[in-house]
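Please take me through this model in the viewer, one selection after another, and tell me at each stop what I should be looking at.

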Amino acid sequence: MAAQVKVAVIYYSATGTTYQLAQAACEAAGDAGADVRLRKVRELAPDEAIKSNAGWHAHSLETQDVPEAMIDDLSWADVTILGAPTRFGMIAAQLKQFIDTTGPLWSQGTLVNKVYAAFTSSGTVHGGQETTLTSLFNVFYHWGGIVVAPGYTDTSQYIAGNPYGASHTSNNGEIPPDTVARGAAALTARRAVHIGAALKQGLAG
């Protein structure tokens, strides 16, 4: 019997948009038979800034029980799916800070030959979504990972339109992810689990 694939979905979200995409990825990975961990990265903004924005503060309280990501989650996982909103065409600083702590794992080769995928959101149409995803892919290449993207492997992707990963335009937090965006996150997760299982089976065989 094949070993169960272990999936870490690690994200940053300020007002909840990217968190909802992370939930969709977790649900799909679980439905595909994976052992799933949902983890948020540590917030860097001061409490005063968070409390000054009602949506940010509400989401902080909503997710206070979600465990914070540790680099051990990357060691544990066969598949890691990272998500963050775009900031000027790049990932949010909170996720970048977490990535910058992974040097010891990288130097030991711990992250090599694992499966990686990504998702993002932006406040405006386009808004740097594709460059944010491909900037994450650059990290995965340095780790020696295997990048999995949704591509146009399902007809839903001709509506979602982003072959690099799930993405959503929130109109600055006013529009939550719809079935198209959540479906793209689910597709990304299912493909990552499927390829992760094939790799794990091949390595075990």
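Begin by selecting Thr86, which touches Thr120, Ser121, Ser122, Gly127, Gly128 and Thr132, leaving out residues up to four places away in sequence; contact here means heavy atoms within 4.5 Å. Thr86 has its place in strand β3, where helices (H or I, at least four residues) and strands (E, at least two) are DSSP runs numbered from the N terminus. With a relative accessible area of 9%, Thr86 is buried; the classes are buried under 20% relative accessible area, exposed over 50% and partly exposed in between, with a 1.4 Å probe and protein chains only. Display the side chains of Thr86 and Thr132, and you will find a polar contact of 2.6 Å between them. A polar contact is a pair of N or O atoms within 3.5 Å, and within protein one must be able to donate a hydrogen and the other to accept it, while residues adjacent in sequence count only if both atoms are side-chain atoms. The backbone oxygen of Gly127 lies 3.5 Å from a polar atom of the Thr86 side chain.

Before going further, keep in mind that this is a predicted model, in which local features need pLDDT of at least 70 and side-chain atom pairs count only at pLDDT 80 or more, whereas totals for chains, interfaces and linings use all residues. Residues are numbered from 1 along each chain as its sequence is written, and side-chain values use heavy atoms, with hydrogens and water left out.

Next, select His126, which lies in the loop between β5 and α7. His126 has a positive phi of about 70 degrees although it is not a glycine, and at 63% relative accessibility it counts as exposed. Most residues other than glycine have a negative phi. A further residue of this kind is Asn171, in the loop between β7 (166-169) and α9 (179-204), with a positive phi of about 50 degrees and, at 36% relative accessibility, a partly exposed position.

Now move to Asp73 in helix α4, which counts as buried at 4% relative accessibility. Its side chain is joined to that of Arg37 by a polar contact of 2.7 Å. Leaving aside neighbours within four places in sequence, Asp73 is in contact with Ala8, Ile10, Arg37, Arg39 and Glu68. Keep Arg37 selected and add Trp76: the charged end of Arg37 sits over the ring of Trp76, 3.9 Å from its centre. Such a placement requires NZ of Lys or CZ of Arg within 6 Å of the ring centre and within 35 degrees of the ring normal.

Trp76 is also among the residues touched by Val36, together with Val7, Val9, Cys26, Ala29 and Gly30, not counting residues up to four places away in sequence. Val36 lies in strand β2 (residues 35-40) and is partly exposed, with a relative accessible area of 27%.

For the interior, select Ile10, Leu82, Leu95, Ile99, Leu136, Phe140 and Trp143, which touch the most other members of the largest nonpolar core, a group of 29 residues. A nonpolar core is a set of buried Ala, Val, Leu, Ile, Met, Phe, Trp, Tyr and Cys residues joined through side-chain atoms within 4.5 Å. Two or more residues of this core come from each of β1 (6-11), α4 (71-76), β3 (79-87), α5 (93-99), β5 (115-122) and α7 (129-143), and the largest share, 6 residues, belongs to α7. A second, separate core has 28 residues, including Cys26, Val79, Ala117 and Ala166. To see one member of the largest core in context, select Leu95, which touches Ile10, Tyr12, Val41, Leu82, Gly83, Ala84 and Leu136, again without residues up to four places away in sequence.

Then colour the aromatic rings: the whole structure holds 6 aromatic pairs. The rings of Tyr11 and Tyr19 have their centres 5.6 Å apart and their planes at 40 degrees, so this pair is tilted. Rings of Phe, Tyr and Trp (its six-membered ring) pair if their centres lie within 6.5 Å, with planes under 30 degrees apart counted as stacked, over 60 as edge-to-face and the rest as tilted. Both Tyr11 and Tyr19 are buried. Tyr116, Phe137, Phe140 and Trp143 form one aromatic cluster.

Finally, zoom out to the protein chain, which has 9 helices and 7 strands. Of its 205 residues, 46% count as buried.
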